[in-house]
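Trainee: I am new to this structure and would like a close look at a single part of it. Could you take me slowly through the largest pocket and then relate it to its surroundings?

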Number of protein chains: 2
Amino acid sequence: MLKRTGDSATTQMSRALRGEVTRAMARVAERERLEPETVREEIARGRLVIPANLHHESLDPRGIGVAVTTKIHTNIGGSAGRSGCEEELGKLRLALKLGTDAVMDLSVGDEIGEIRRTLLENCPVPLGTVPIYEAVQRVDRVEDLTADGILEVIEEQAEQGVDFMTVHVGLLRDHVPLAAKRLAGIVSRGGALTAAWMVHHQRENPLYESFDRLLEICRVHDVTLSLGDGLRPGCLADASDAAQFAELDVLGELVFRCRTAEVQVMVEGPGHVPFDQIEMNMKRQQEICDGAPFYILGPIVTDIAPGYDHITSAIGATMGAFHGAAMLCYVTPREHLGLPDAEDVRQGVVAYKIAAHAADVALGRPGARDRDDALSAARAKLDWEGMFKHALDPQRARMMHDESLVNPEDVDADFCSMCGPKHCAVKVSRRAVQGLSDEDGGARQ
Amino acid sequence: MLKRTGDSATTQMSRALRGEVTRAMARVAERERLEPETVREEIARGRLVIPANLHHESLDPRGIGVAVTTKIHTNIGGSAGRSGCEEELGKLRLALKLGTDAVMDLSVGDEIGEIRRTLLENCPVPLGTVPIYEAVQRVDRVEDLTADGILEVIEEQAEQGVDFMTVHVGLLRDHVPLAAKRLAGIVSRGGALTAAWMVHHQRENPLYESFDRLLEICRVHDVTLSLGDGLRPGCLADASDAAQFAELDVLGELVFRCRTAEVQVMVEGPGHVPFDQIEMNMKRQQEICDGAPFYILGPIVTDIAPGYDHITSAIGATMGAFHGAAMLCYVTPREHLGLPDAEDVRQGVVAYKIAAHAADVALGRPGARDRDDALSAARAKLDWEGMFKHALDPQRARMMHDESLVNPEDVDADFCSMCGPKHCAVKVSRRAVQGLSDEDGGARQ
């Protein structure tokens, strides 16, 4: 944990632009085995962000961008009438234990402020929010939202220590008719609220019109903006459509405005995308947003598997990260069906650790494959403890192994229930290779 | 179900080469929405197989090849001291219900013949085996295996009705030293047994030397050969190495020998492969094996997730199918840890249905996306019954939805526990679009 209370009140980006390597940059460089100067350059260039609100005391900084390892992100938070502080704190601790790099509190209930304070106190990774969820709690109807009301929430959350915030600023009034043609319409909650407001008032997106005020709040507290994709496709049929790309063009424009204000920024992406369109989507974002870190939700590669969307989306997330996405927002098995419980969080986080790591290995990031090789070396020796030690989820791996044994006393045996003791491939293979050495020896005599 | 007892004793390939459209070909054409003549041509060309043993009475034929939809495959079977007929039959029924296109009985216990007979009687999809597992049961030591002994098992299984058999014929004596250099050695059980035999006897692969006798048995009963990859990599570090590709070259040679004998053939592939090497692996196989259907195991894209290898491998399987693999052999969460139970079979089959379907959608196979669109249309209407109906696993989706509800009486409500009743994105979005029409109406007045 780094204390940053002595820092002057300016953003990582502004300090990078002035040539300063902050403690947060040094920490990220150490973590990523990079030169501190490289981290500074990437931040100055806008290709790397370190979401690190000046008031988030418990933070141990992480970097998000193409120059560093792929990050994953966990959504937690209860909905109205569901879940409390203790339950959300339990999910946070589980996600941290399994290696999440960031979390977002998506609570929409009455306890929203209290839950966020508790999470922030216990959160060494960047914590994000979607402020419009709290803003809409404070009014009777969506239509009663105002720019001032939303900015008030944003400022309060910034003062509280929130590291990054999703704002749906790129969804403009002209885009709504494009979304009306869709099979699934607008599936982003923030996007839907914004669209409903604009249609009702026949006015432009209030945050778009107040964007400079928003930037000023972010600059003062070093809040990283996460430009939400309110028009992300909610099914394969809507992927890569006019609505999605019209909003992306605006996001590209907003990236430049953030950079001018020296506010750190990342861009959110889909959603539901057929496997063959993922590469194109990643490249288009990188081009339009000039390399700003891309933070994608999945994408889900088929709509037909509710109950298994951690898998449909981990497939898309791997492909996305392989083609340049910097952070992967997890999806749990309960996506589209209900709020995740602790087991769903476990399945979602591990699926995304897999996607991020598989992409890092595929991209040849330095040292990425070391852990695979360590686990495989243990496997080749039938060293179960070694395998568990290097596993993403040692507890689950051990449980599955132990409960499969015919005889519980075989728990440390050099075989498992797959082949049984007689024809274990590993042991037969080892014997063959041993025989080979004997054969060589024989030939030499 | 098609009765094929009146057919003359010759293979689908030989009949295709003679211009005949068999009932099996017609059935596959119907299933795949193809012209029967296209199916015949693909079989004659060797790019499509219909594993359909003349004695498998309960079979409803399926085709495997690039011209048809991606198929998935389920391994079942107990190991020594584990599992019996009833349990395996339960797994078979579950896999069929979830939509598996083929199964393989990998039993290695004493009840092996009895289990296979029971499975065959209840199996409308092609059933495969690895005959060396039974052959090695009949001898005291691996070294006591003989070509005659293995061929005897193969002939008995062919007479019993087994549709396809994995044989490790491409692993030659010269390849064993290449595998000795590996981190994980030989991880295919059949490959390890064959290597041990060759090293002990200092002789060539017995099935390679008796390949013509093997082909004759297959020709008589129309057994499809599945050329096993005894040297498939067992970890990322061993992927795409000299051992793997030396064996692949021999498999390519054997494909041509099968075709000359008019025996249907497919080729098995890896295994553990980093995500970036999958495309190359698929293309290399297609070139060397002249388009013979490629039947891959995963591949797993990272070694660090025991307990979640249905996910690590579904990622690789999607990429593999997208680049030309014809059938995907499922991997369950318990891979590397123990024998799968019924829940593992469920997770594995669904993960692979996802991979196959995602690839079919990405490849633009006709009608592939229809089910996605149907489910998404139901989702946009908050029609839960419609969503469950089109889901890959309706039972699991319904269970997850229902158990997430705060009030059980909300089971048919037009919202779920994700957003709760107040700010459901779907409903807000619908209202926005409705408002848009009103606005248009207003403008026209």
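Mentor: Let us begin with the make-up of the pocket wall: by class, the lining of the largest pocket has eleven charged residues, nine nonpolar residues and six polar ones. Please keep in mind throughout that this is a predicted model. The lining counts 26 residues, and those that lie nearest the centre of the pocket are Arg31(B), Glu32(B), Thr69(B), His357(B) and Asp360(B). The space inside the largest pocket comes to about 820 Å³.

Turning to the elements behind this wall, α2 (23–32) and α15 (342–362) of chain B each supply at least two residues of the lining. The most is given by α15(B), which contributes four residues to the lining of the largest pocket.

The second largest pocket can be read alongside this one, and about 670 Å³ of space lies in it. Its lining is made of 24 residues, with Arg31(A), Glu32(A), Thr69(A), Thr70(A) and Asp360(A) nearest the centre. Two or more lining residues come from each of α2 (23–32), β3 (71–76) and α15 of chain A, and the largest share, four residues, is that of α15(A). Sorted by class, the lining of the second largest pocket holds ten charged, nine nonpolar and five polar residues.

From here we can follow α15(A) to the contact between the chains, to which chain A and chain B bring 104 residues each. Ile304(A), Tyr308(A) and Met418(A) together supply 9% of the area that chain A buries against chain B, more than any other three residues. The area buried between the two chains is about 8,800 Å², and carbon and sulfur atoms give 67% of it.

As for the polar side of this interface, the count between chain A and chain B is 18 residue pairs in polar contact, with both residues at pLDDT 80 or more. On the side of chain A that touches chain B, the elements giving two or more residues include α14 (309–322), α16 (370–380) and α19 (425–444) of chain A, while the largest share, ten residues, comes from α15(A). That side of chain A divides into 58 nonpolar, 23 polar and 23 charged residues.

Finally, two salt bridges are found across the interface of chain A and chain B. In one salt bridge, Glu403(A) is paired with Arg334(B), and the closest N and O atoms are 2.8 Å apart.

Definitions and conventions
Residues numbered from 1 in each chain as written. Chains lettered and ligands numbered in written order. Predicted model: local features only at pLDDT ≥ 70, side-chain atom pairs only at ≥ 80, totals over all residues. Heavy atoms only, no water. Contact = heavy atoms within 4.5 Å. Buried area = accessible area lost by both parts, 1.4 Å probe. Salt bridge = Lys/Arg side-chain N within 4 Å of Asp/Glu carboxyl O. Polar contact = N/O pair within 3.5 Å; in protein donor to acceptor, adjacent residues only side chain to side chain. Nonpolar A, V, L, I, M, F, W, Y, C, P; charged D, E, K, R; others polar. 1 Å grid on protein atoms, 1.4 Å probe; cavity = no way out; pocket = protein on both sides within 12 Å on 5 of 7 lines; lining within 4 Å. Points joined across faces, edges and corners; volume = space filled by probe spheres on them.
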